[in-house]
Amino acid sequence: MEKKELIKRLRELLKTSSIVEDADMSGYTSFRAGGKAMALVEVENKEQLKAALQFADEENIPHILLGNGSNTLFADSGYNGLVIKLGRGFANMAFDLGERATVGCGASMLLSKAAALMSDQGIAGFEFASGIPGSIGGAVFMNAGAYGGEMKDIVASVHAVSPDGKEEKDFAGEEMNFGYRRSILQDNGWIATDVTFNLTSGNVEEISAKMKDLNARRNAKQPVNYPSAGSTFKRPEGYFAGKLIEDAGLKGLTVGGAQVSTLHSGFIINKGGATATDILQLIALVQNTVYDKFGVMLEPEVRIIG
Ligand SMILES: Cc1cc2nc3c(=O)[nH]c(=O)nc-3n(C[C@H](O)[C@H](O)[C@H](O)COP(=O)(O)OP(=O)(O)OC[C@H]3O[C@@H](n4cnc5c(N)ncnc54)[C@H](O)[C@@H]3O)c2cc1C
């Protein structure tokens, strides 16, 4: 089927105008680089999500779910498929406060927003995530973590939709197979729509002070003023990626508009006008140099599409 016809049918099926044709993915990802996707659709409820997935499945259209795009890089050659984003209809939050606090959170809500709402309610345990610029869904997919905490510690269950859009089910925290920057969603392609967290009740001032402190530490140590996807590489066992890169003499190394940050060597940043190709070439250069010097192969943490 022709692209125009596919998009027309999808519009009719979902009864939505929220479909961007030839979507420039640099506008949807924190690296601010990369090519175009065939189309980007924002869905507002589970029925629309399932219908979009079923349509893509039946028409054999490649598709990917995008959260806040803070760990994703699309190649300059683009993506000949459908990018699905969960809209505001997936940004709800519900509390059950007692001795323990149970919080239900829609997958499109940003971690920063969730953290602020929890802080206002005196809910402790989510502070570590407040400065991570992702969505709840992306954080669960990645088992995002910082400052000694990770999603694994607080996720009670995840409600998800199957990749073909035909089934829904709950995964208990133990079933999520969380590991370092890993979860079962990376293997089975299910899409998280709602996440339930097990937290504790705490003191509003203490929670807020802890978040402020963690964010100040983050702002001092990370190049937060430049577009990036955070740590470019996973932490290799027994090493720190940033230290290996710095020890290999690669701090400040530049390819086109992409640079190994001079503030934190674990970050590749977009200094201005970087293409995805610049970033990918720099990633490869860093990997090869570190491997030649130390025999350690760095694995990208950023998800590369296309
Ligand atoms: C400045 C900066 C600092 C960062 N600091 C940290 C940090 O301290 N710790 C850390 O762990 N990460 C950090 N990151 C990386 C990033 O923020 C996290 O990986 C975050 O969890 C990604 O969430 P996202 O919604 O942006 O995901 P996206 O980039 O949109 O997607 C990442 C992956 O998750 C999948 N996905 C997204 N939503 C869903 C869903 N609902 N269901 C199923 N799959 C889904 C996507 O398909 C994709 O494969 C940082 C990034 C930046 C730019």
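Modeller: Ala, Val, Leu, Ile, Met, Phe, Trp, Tyr, Cys and Pro count as nonpolar, Asp, Glu, Lys and Arg as charged, and the others, Gly among them, as polar. This is a predicted model, where local features need pLDDT of at least 70, side-chain atom pairs count only at pLDDT 80 or more, and totals for chains, interfaces and linings use all residues. Residues are numbered from 1 along each chain as its sequence is written, and side-chain values use heavy atoms, without hydrogens and water.

Biologist: What makes the lining of the largest cavity nonpolar by class?

Modeller: That lining consists of Leu6, Ile7, Leu10, Met38, Phe55, Ile61 and Leu82 (each with an atom within 4 Å of a point on a 1 Å grid where a 1.4 Å probe fits but cannot get out). Its classes are therefore 7 nonpolar, no polar and no charged. Helix α1 (residues 3-14) gives the most, with 3 residues. The volume, the space filled by probe spheres, is about 30 Å³.

Biologist: Why is α3 called roughly antiparallel to α7?

Modeller: Helices α3 (residues 111-120) and α7 (residues 204-221) pack at about 155 degrees, their axes 8 Å apart. Angles over 145 degrees count as roughly antiparallel, so the pair earns that name. Contact (heavy atoms within 4.5 Å) involves Ala115, Ser119 and Asp120 of α3 and Val204, Ile207, Ser208 and Met211 of α7. These contact residues divide into 4 nonpolar, 2 polar and 1 charged.

Biologist: How do you know that phenylalanine 126 and phenylalanine 197 form an aromatic pair that is edge-to-face?

Modeller: The rings lie 5.3 Å centre to centre, with 75 degrees between the planes. Ring centres within 6.5 Å make a pair and planes over 60 degrees apart count as edge-to-face, so both conditions hold. The count comes to 4 aromatic pairs.

Biologist: Which parts does this pair tie together?

Modeller: Phenylalanine 126 lies in the loop between β8 (123-124) and α4 (136-142) and phenylalanine 197 in strand β13 (residues 191-201), so the pair links parts 71 residues apart in sequence.

Definitions and conventions: Axes are lines fitted to C-alpha atoms, for helices over the stretch in contact, and angles run from 0 to 180 degrees between N-to-C directions. Helices (H or I, at least four residues) and strands (E, at least two) are DSSP runs, numbered from the N terminus. Angles under 35 degrees count as roughly parallel, over 145 as roughly antiparallel, 65 to 115 as roughly perpendicular and the rest as oblique. On a 1 Å grid over the protein atoms alone, a cavity is a set of points where a 1.4 Å probe fits but cannot get out, and a pocket is an open set with protein on both sides within 12 Å along at least five of seven lines; lining residues have an atom within 4 Å of a point. Rings of Phe, Tyr and Trp (its six-membered ring) pair if their centres lie within 6.5 Å; planes under 30 degrees apart count as stacked, over 60 as edge-to-face and the rest as tilted.
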